[in-house]
Amino acid sequence: MELGKIVGELKQERDRLDRAITALEGSNSRPSTSTRSIKASSKAAAGTSKRRGLTPAGRKRLSELMKKRWKEGRFKKS
């Protein structure tokens with residue numbers, strides 16, 4: 001079975017499930033929220049959405065590597 005066909009069938013199934021969920025939520029008085037917003041809010045509430053930044057040493061190392069790559073001509077202007 002082709003990958004594209006599988007993906008298409010999965011998308012159809014997802015759409016069918018979304019319509020069923022919307023119909024079920026329609027009986028509630030409160031407006032429905034999307035799955036993404038629910039996941040984002042629960043993730044934020046759990047405190048797992050912390051971003052890690054570069055340390056000064058890591059930033060310096062990255063800068064030196066990029067300068068070396070540009071000097072060697074690994075990156076070309078487009």
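## Exercises on a three-helix chain

In this predicted model, R16 has a relative accessibility of 43% and therefore counts as partly exposed. The exercises below start from this residue and then move out to the whole chain.

**Exercise 1.** Find which residue forms a salt bridge with R16, and work out how the two residues are placed in helix 1.

*Solution.* The partner of R16 is E13, and the closest N and O atoms of the pair lie 2.6 Å apart, which is within the 4 Å allowed for a salt bridge. Both residues belong to helix 1 (residues 3-25), where they are three residues apart, so that about one helical turn separates them. An α-helix has 3.6 residues a turn, so residues three or four places apart point the same way. E13, at 36% relative accessibility, counts as partly exposed, and R16, at 43%, falls in that class too.

**Exercise 2.** State how many salt bridges a search of the whole structure finds, and describe the one formed by R14.

*Solution.* The search finds two salt bridges. R14 forms one with D15, and here the closest N and O atoms are 3.7 Å apart. To place these residues, recall that partly exposed covers the range between 20% and 50%: R14, with a relative accessible area of 46%, is partly exposed, and D15, at 35%, also counts as partly exposed.

**Exercise 3.** Check whether the length of helix 3 agrees with its number of residues, and say what backbone feature follows just after it.

*Solution.* Helix 3 covers residues 56-72, which makes 17 residues. The expected span takes 1.5 Å times one less than the number of residues, and for this helix that gives 24 Å. The end C-alpha atoms are 24 Å apart, so the two values agree. Just after helix 3 comes G73, which takes a positive phi of about 80°.

**Exercise 4.** Describe the chain as a whole, and decide where its coordinates call for caution.

*Solution.* The chain has three helices and zero strands, giving the pattern α-α-α when read along the sequence. Of its 78 residues, 1% are buried, while its accessible surface comes to about 7,900 Å², with 55% belonging to carbon and sulfur atoms. As for confidence, the mean pLDDT of the chain is 78, and 63% of its residues reach 70 or more. Confidence is highest in helix 3, at a mean of 91, and lowest in helix 2 (residues 35-46), at 57. Where pLDDT is low, the predicted coordinates should not be read in detail.

Definitions and conventions: Residues are numbered from 1 along each chain as its sequence is written. This is a predicted model: local features need pLDDT of at least 70, side-chain atom pairs count only at pLDDT 80 or more; totals for chains, interfaces and linings use all residues. Side-chain values use heavy atoms; hydrogens and water are left out. Helices (H or I, at least four residues) and strands (E, at least two) are DSSP runs, numbered from the N terminus. A salt bridge is a side-chain nitrogen of Lys or Arg within 4 Å of a carboxyl oxygen of Asp or Glu. Buried means under 20% relative accessible area, exposed over 50%, partly exposed in between (1.4 Å probe, protein chains only). Accessible areas come from the Shrake-Rupley method with a 1.4 Å probe; for residues, only the protein chains shown count as cover. pLDDT is the predictor's confidence in each residue, from 0 to 100.
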